[in-house]
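Q: Please take a close look at the residue that closes one strand of this chain, and then work outward from there through the backbone, the buried positions and the charged pairs. I would like the reasoning spelled out wherever a cut-off decides how a residue is classed.

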Amino acid sequence: MLLTITTTRYPATDLGYLLHKHPAKVQTFPLTAGDVHVFYPEATEEKCTAALLLDLDPVRLTRKTGPGGNDFALELYVNDRPYVASSFMSAAISQAYSSAMNGRCKDKPELVDVAFPLEVTLSVLPVNGGEPLLRSLFEPLGYEVSVQAFPLDTQYAEWGQSRYYEVSLKNTLPLWMLLSQLYVLIPVCDNDKHYFIGNHEVEKLMEKGRDWLENHPAKELIVRRYMKHLGPLTRQALELIMKEDAEPEETEDTPVPVEKIRLHDLRLQTVRDLLLEQQVTSVADLGCGEGKLLRLLVEKPAFTRILGMDVSYRSLEIAGEKLKLDRMPERQRKRLELIQGSLLYKDKRLSGFDAATLVEVIEHLDPPRLAVLEKVVFEYARPSLVIITTVNAEYNIKYESLTAGTFRHNDHRFEWTRPEFEAWATVVAERFGYTVTFRPLGEWDDAVGAPSQLALFTIADT
């Protein structure tokens, strides 16, 4: 059973970095009922294809319960499992591409959330529901779906088509999301699983379905099939999904409805991961709002000193409530401090931190006041590392509800294009003795970039 992933984004060999698999090597991983082989039929800077070959051993399959999870003796020996993409393929993806599916890339972490043009081929995919069901699962996620049905018997055309398809899927999205969607939807197409389904399967579905399942029009069918039609687990998973949908969005840092909350979560997670990569231990979150980033930082013991500052006293009260400061153990409480303050005034409380973060903050200031913020952060506080994120104005045309010249949030004083943000950040870095690099945040569009953008300032060696 063969699955291939192809990209043409230059340099296409970046696919090898994301998959943690060198194009010059063939790698093999053991499964309980066979082996997984990963190799590259093609690896040039213009086009790169990674192939995953699942080789199941029919004899080893018989040592388990039946492929359908029952005790029908004949099914142990007469089945299609060695020749089709099923839950065994999901297990193979999880085993061979675990780092990529979990959004980790050691050598090029900036690529993790970049949307790549990707094409997936599955040589034989069983679809219990036929082509209409296959399209209903993948097309709402933005895939271009091409299918070729296999006949039941080439010598007897009147028997019609089988439930087996050769499938090609094209989409532009981050690799981790592609792998997560394949992991969930391949066994959903098959409507079967080879292993016992328990409560842990709900957690796996919530993790792999993050950022896409809650908005899928067929989510109830997906959950029901993923849970093998087990009523209690299906209801539990759907309740969790509905609960996430129903949670009210907080107003302080929330953009207009067209920009979904998951983008803001992505910003915060990216900032946290960058801080971990840079091995900083003390962080000042400037313009912390209601403490969303602070909550992510407190979870990581690597951050021994955390400061949240905001001009809004009410936001700080909400942050304290959500962080449960009154119930936080004393040892944890000593790591965290909330203060009221403004980025337009020199403040000695901001000195001595390894890093400072400003997540979607600068666009709330009138442009003439940015010069003051620059001095407060880069000259007076002067941390070794500064991370600033802001929206990308070029992406606004993707939001149908935004008319020309309007901003994503009614409190924004400006919104910059990528060249404008990079020009401002480059001047700031040169003026105050920093180097700066940039990266996109969110789903990539070749014409207008990503919805948000990030600048990483690092103090220059003296």
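A: Ile459 is partly exposed, with a relative accessible area of 25%, a class that follows because buried means under 20%, exposed means over 50%, and partly exposed covers what lies in between. This is a predicted model, and the values below should be read with that in mind. Ile459 belongs to strand E14, which spans residues 452–459. With respect to Leu173, Ile459 is 286 residues away in sequence, and the two C-alpha atoms are 33 Å apart in space.

Leu173 is given as the other end of that C-alpha distance, and strand E7 covers residues 161–173. Leu152 sits in the loop that runs between strand E6 (144–151) and strand E7. Leu152 is exposed, at a relative accessible area of 52%, and together with Tyr156 and Trp159 it makes up a nonpolar patch on the surface whose joint accessible area is about 340 Å².

The backbone has some further loop positions that deserve attention. The peptide bond leading from Tyr10 to Pro11 is cis, its omega being near -10°, and Pro11 is placed in the loop between strand E1 (2–7) and helix H1 (14–19). Lys228 is not a glycine, yet it has a positive phi of about 55°; its place is the loop between helix H8 (219–226) and helix H9 (231–246), and with 25% relative accessibility Lys228 counts as partly exposed. Gln279 likewise has a positive phi, of about 60°, without being a glycine. Gln279 lies in the loop between helix H10 (261–277) and strand E8 (282–286), and at 69% relative accessibility it counts as exposed.

The buried positions can be followed next. In helix H7, residues 200–208, the buried residues include Glu201, Val202, Leu205 and Lys208. They take up an arc of only 140° around the axis, which means that they sit on the same side of H7. The general geometry behind such a pattern is that an α-helix has 3.6 residues a turn, so residues three or four places apart point the same way.

Cysteines give another view of the buried positions, and the structure holds 0 disulfides. Cys48 takes part in none, the nearest cysteine sulfur being that of Cys105, 13 Å away; since a disulfide is a pair of cysteine sulfur atoms within 2.5 Å, that separation rules the pair out. Cys48 is buried, with a relative accessible area of 0%, and Cys189 also counts as buried, at 0% relative accessibility.

As for a recorded region, UniProt lists residues 285–376 under "domain: Methyltransferase type", in an unreviewed entry. The C-alpha atoms at the two ends of residues 285–376 lie 14 Å apart, and the span is 30% helix and 20% strand.

The charged pairs come last, and side chains of opposite charge can pair when their charged atoms come close. The count comes to 20 salt bridges, under a rule that asks for a side-chain nitrogen of Lys or Arg within 4 Å of a carboxyl oxygen of Asp or Glu. Arg314 and Glu321 form one of them, with the closest N and O atoms 4.0 Å apart, and Arg314 is partly exposed, having a relative accessible area of 46%. Another salt bridge joins Glu374 and Arg431, whose closest N and O atoms are 3.0 Å apart. This pair links distant parts of the chain, with Glu374 in helix H14 (residues 370–381) and Arg431 in helix H15 (residues 418–432), 57 residues apart. Its two members differ in burial: Glu374 counts as buried at 5% relative accessibility, whereas Arg431 counts as exposed at 52%. Arg413 forms a salt bridge with Asp411, and here the closest N and O atoms are 3.0 Å apart. Arg413 is partly exposed, with a relative accessible area of 39%, and Asp411 is partly exposed as well, with one of 30%. Elsewhere, Arg9, Asp14 and Lys108 are joined into one network by salt bridges that share partners.

Note on methods
Residues are numbered from 1 along each chain as its sequence is written. This is a predicted model: local features need pLDDT of at least 70, side-chain atom pairs count only at pLDDT 80 or more; totals for chains, interfaces and linings use all residues. Side-chain values use heavy atoms; hydrogens and water are left out. UniProt positions are given in the numbering used here, feature names are shortened, and annotations may be inferred rather than shown by experiment. Helices (H or I, at least four residues) and strands (E, at least two) are DSSP runs, numbered from the N terminus. Patches are made of residues with over 30% relative accessible area and no salt bridge: like charges are joined within 9 Å, nonpolar side chains (Val, Leu, Ile, Met, Phe, Trp, Tyr) within 5 Å. Accessible areas come from the Shrake-Rupley method with a 1.4 Å probe; for residues, only the protein chains shown count as cover. Buried means under 20% relative accessible area, exposed over 50%, partly exposed in between (1.4 Å probe, protein chains only). The arc is that of the directions from the helix axis to the C-beta atoms.
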